[in-house]
Structure formats: C-alpha cells, structure tokens
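Please open the structure in a viewer and keep the sequence panel visible. The tour below proceeds by selection, with a short account of what is found at each stop.

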Amino acid sequence: MPGLKKMQVQNLQVPHYFRCPISLELMRDPVTVATGQTYDRSSIEKWVSDGNATCPATMQRLTDLTLIPNHTLRRLIQEWCVANRSRGIERIPTPKQPADPQRVAALVRDVTRGTAGGTALQLLLPALRSLRALAKENDKNRGLMESSLAVLVLLPLKDSERRSIAQCRRRLGAVSRIVRRGRSMDARINAAVLVEKIASDAPEAAKLAMGQIPGLLEGLVDLLRGDHSAVSPRAPKSGVKALFSLCLCSAASNSERAVSAGAAAALVEHLPAAQHGDADRTLGALELLCRTRAGREVVAQHALAVPALVAAIQCRSSFQAAECAAGTLLAVCSGSEEVQLAAAEAGVLTQLLLLIQSDCTDRAKRKAVELLKLLRRWWAEDPCLAELDRTDVVAF
C-alpha cells in the first residue's frame, strides 16, 4: 500500500484519526492502550520495547501494557481503503491476532513442569507442537513465548539443533533481544543459558559470529550487575558462563568486544560474591579477557582487582580458581610496577609460595612461579621472604 507521503502527493486526504500518532502513517492494526489512546500495533510495541513506559500521546504511565484490538476503527480504515481503490489504495488485510497470552503461558508451564518432573517426551509432544504452530504464525506470538526458552534450556539440544541456532543470525538476534530486555528476569536468564549451551560446543567461527550479534555481550554483562543478583542469584551465574564460553577462542575478538561492553569491570566486581564453581568460571573469564591489552588495563586500574585476586589465591576454594587468579595477576603485573607493588603489599608472595607447596596442578604451579619471578624485586620487603633467595628454600 502506498505510504502517506505518496497519498498526499495524490491529493488524498487521510483522516487524522486513521493515522498512528507515533508514525503518522495509516494504521494497519490499530490497538488501544490503557489510557484509551489508539496506535498502530507495530509502532506502540516498538515504543515499549525501546524502554518507554508511558503513553506517547498523554505521557501517562502505562501500568498495564495490554493492547486491545480496535476492531471498529480497523473496519472503518478498511472501508476507507476500499472506497479509494480507484486512487491506487489497497485494502488493508485483517491482521491475525496474537495468541492468547494465558494459553501460551499454560502450554509453556505444562511443558516446563513435565520436563522437570521427568515426564516422557512423547507425552509432551502435543503441547510442544501447539507452541511450535503458534510461533510459526507471526512475530507477535514468538514475543509471547520468551518464557518458552526454559523449554529449550531444560530439553537436551542435539548438535544439529545447536548448529542451526548458532548459524542463524535472525535467531541469535531474537535471543540477544531477550537477554537484554526480556519481559522477566527468568526469560533473560534462560536466554543467557541458551547462549552458553550453544557456544560451549560451537566451532570458533560460530562463536566469533555470535560475539558480533548487536547487544548480546552487553546483555550478558548487565546480568552480572549486583542489583540483579538480589532478584535472582542465577542472573550473574548465567551471564558469567555465557561470557566464558563466548570468549574461549584463540582469536581475541570476542574478548575485546566483551571488554568494550564492560565485562572486565563487572567480573572484578562480581568476584567477592562468587562462590565455588561460579568463582572458577568468573576467574577463568577474567583471565581470558586479560589476554587483551584493553582487558589488562581495565583490571589494573580497578581498585578491587588486586585484593580480590590475592584473596582468591589465598582462599583456594579450588585449584582452578587459584590458577586463574594467578594467571590474571601475572598478566596485569607484567605491564605495571604499580600493580606489582599493590600485589606484594596485599601479601601475594606468601600465598604463591603456599600454592606451589600444595597439591595444585602443574599449570597452576608454573603460573605461580612465573609470578614470583616477576615480583622478585619485592621479596626483600616481605619479612616472610627474607631468605627466599637461598636455593635451599625454593628452587626456580
């Protein structure tokens, strides 16, 4: 159908109440919001998805985001289009309405509960087929199904299914949008878990392509922030795991993008609250980011970084965590005497000696030895290490 500008060129006056107040175009699917104002569905949905919570016309807060189809206005617009057919105006087709949100929620709930309860997959197929059929109808239905990501997370994905998602930019874009601004925290977390599941076994080229999806890394970093952990402890854990999987590449591209998105600072700030396996992955991701110059600079300048890394070596909740902490410190100390001094003053020398004498992995010992060598000039200032240069104390 010709746009509004073309209509005006043809001296065709479009009734102002047929125009969307946002786009100023002829409405194709008019819907009414809680304030009583009517907009074209695509325009008001974009307005809300961009983070606006007010009515564009009245600026009143939209406490209810339900969109009610304005069938009367749509029929009037269709009749007007038919009446002006001779001027080249095509009739607007009747839009297919989105599925009932309650029906979608019930289907997702049935599948999720059934999967968690060990129900045989064959018994869940009717609900899964219904969800699939609704998703195929239109984008609006797919928007209602953000929470259905829980189904993908709970059900095992075949290698072919993971590859299919990893290689489809459109699907990854949809997942990225949910990670950034899903309608619920559970939806965002499930989207992040899906990213981790796909990236963990993806070839490097696919991981790099995923890292280029607009907003994906920013969304994962946002899940790391402390205010989200108060809502759900799963939020930072899901963000850390997905970031680690995406940055585990020989190429540094994803790590550089993650640093630009604020990942290095967010990981440092998450360290004090990280526990057990979460600490391992957090320190592992931080070590990966410190392979880049930008990552090292951010960590070196962060006031919490050195104390948190030394504490991780001292705590030794796992040898993997201690190894990654030593590796990260080695990376940031290599380019800064100021950081070396801060690490020495924080007691890292003694902790490294204790790590070497423990049952840690050979790789952890190598990193600890390299860091001790780098910090050699600070030994004399540590009373516990006054005799460290003696070969009978420790051999390097």
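The stops that follow begin with the whole chain and then turn to individual residues and one pair of helices.

**The whole chain**

Begin with everything displayed, bearing in mind that this is a predicted model. A cartoon view shows 23 helices and three strands in the chain. The chain has 396 residues, and buried residues make up 48% of them. If a surface is drawn, about 20,400 Å² is exposed, of which carbon and sulfur atoms supply 51%. Contacts may also be considered by their separation along the sequence: among those between residues at least 6 apart, 62% join residues at least 24 apart.

**Leu 24**

Select Leu 24, which is found in the loop between helix H1 (4-9) and strand S1 (30-32). Its phi is near 65°, a positive value in a residue other than glycine. Is Leu 24 buried, partly exposed or exposed? With a relative accessible area of 49%, Leu 24 is partly exposed, because the exposed class requires over 50%.

**Helix H2: Ser 43 and Ile 44**

Move next to helix H2, which spans residues 41-49. Select Ser 43, placed in this helix. Ser 43 counts as buried, at 13% relative accessibility. Show the surrounding side chains: leaving out residues up to four places away in sequence, Ser 43 touches Cys 20, Ile 22 and Ser 23.

Now select Ile 44, which also lies in helix H2. How much relative accessible area does Ile 44 have? The value is 0%, so Ile 44 is buried. Beyond residues up to four places away in sequence, Ile 44 touches Ile 22, Val 31, Val 33, Tyr 39, Pro 56 and Leu 67. For Ile 22, a distance can be displayed: the C-alpha atoms of Ile 44 and Ile 22 are 7.6 Å apart, with their positions 22 residues apart in sequence. Ile 22 is thus a residue to keep displayed for both selections, since Ser 43 touches Ile 22 and Ile 44 touches Ile 22, where contact means heavy atoms within 4.5 Å.

**The loop between H2 and S3: Met 59 and Arg 61**

Follow the chain into the loop between H2 and S3, where Met 59 is found. Met 59 is not a glycine, yet its phi is positive, at about 60°. Met 59 counts as exposed, at 52% relative accessibility.

Select Arg 61, which lies in the loop between helix H2 and strand S3 (68-69). Arg 61 is exposed, with a relative accessible area of 61%. Which residues does Arg 61 touch, not counting those up to four places away in sequence? They are Ala 53 and Thr 54. A distance drawn from Arg 61 to Ala 34 joins C-alpha atoms separated by 9.3 Å, although the two residues are 27 residues apart along the chain.

**Helices H14 and H15**

Colour helix H14 (residues 234-247) and helix H15 (residues 253-260) separately. Two packed helices are described by the angle between their axes and the distance between the axes. For H14 and H15, the angle is about 140° and the axes are 8 Å apart. The two helices are therefore oblique to each other, because an angle must be over 145 degrees to count as roughly antiparallel. Display the side chains at the contact: Leu 243, Leu 246 and Cys 247 come from H14, and Asn 254, Ser 255 and Ala 258 from H15. By class, the contact has four nonpolar residues, two polar residues and no charged residues.

**Ser 336**

Select Ser 336, in the loop between helix H20 (319-333) and helix H21 (337-345). Ser 336 counts as buried, at 19% relative accessibility, because buried means under 20%. A polar atom of the side chain of Ser 336 lies 3.1 Å from the backbone nitrogen of Val 339.

**Helix H22: Leu 353 and Ile 356**

End at helix H22, which comprises residues 348-356. Leu 353 is placed in this helix and counts as buried, at 14% relative accessibility. The C-alpha atoms of Leu 353 and Val 369 are separated by 8.4 Å, with the residues 16 apart along the chain.

Ile 356 is also found in helix H22. At 18% relative accessibility, Ile 356 counts as buried. Which residues are in contact with Ile 356, leaving aside its neighbours within four places in sequence? Lys 365, Ala 368, Val 369 and Leu 372 are. Ile 356 and Ala 368 are twelve residues apart in sequence, and their C-alpha atoms are 6.7 Å apart in space.

Definitions and conventions. Residues numbered from 1 in each chain as written. Predicted model: local features only at pLDDT ≥ 70, side-chain atom pairs only at ≥ 80, totals over all residues. Heavy atoms only, no water. Helix = DSSP H or I, 4+ residues; strand = E, 2+ residues; numbered from the N terminus. Buried < 20%, exposed > 50% of the residue type's maximum accessible area, 1.4 Å probe, protein only. Polar contact = N/O pair within 3.5 Å; in protein donor to acceptor, adjacent residues only side chain to side chain. Areas by Shrake-Rupley, 256 points an atom, 1.4 Å probe, with all protein chains shown as cover. Axes fitted to C-alpha atoms, helices over the stretch in contact; angles between N-to-C directions. Parallel < 35°, antiparallel > 145°, perpendicular 65-115°, else oblique. Nonpolar A, V, L, I, M, F, W, Y, C, P; charged D, E, K, R; others polar.
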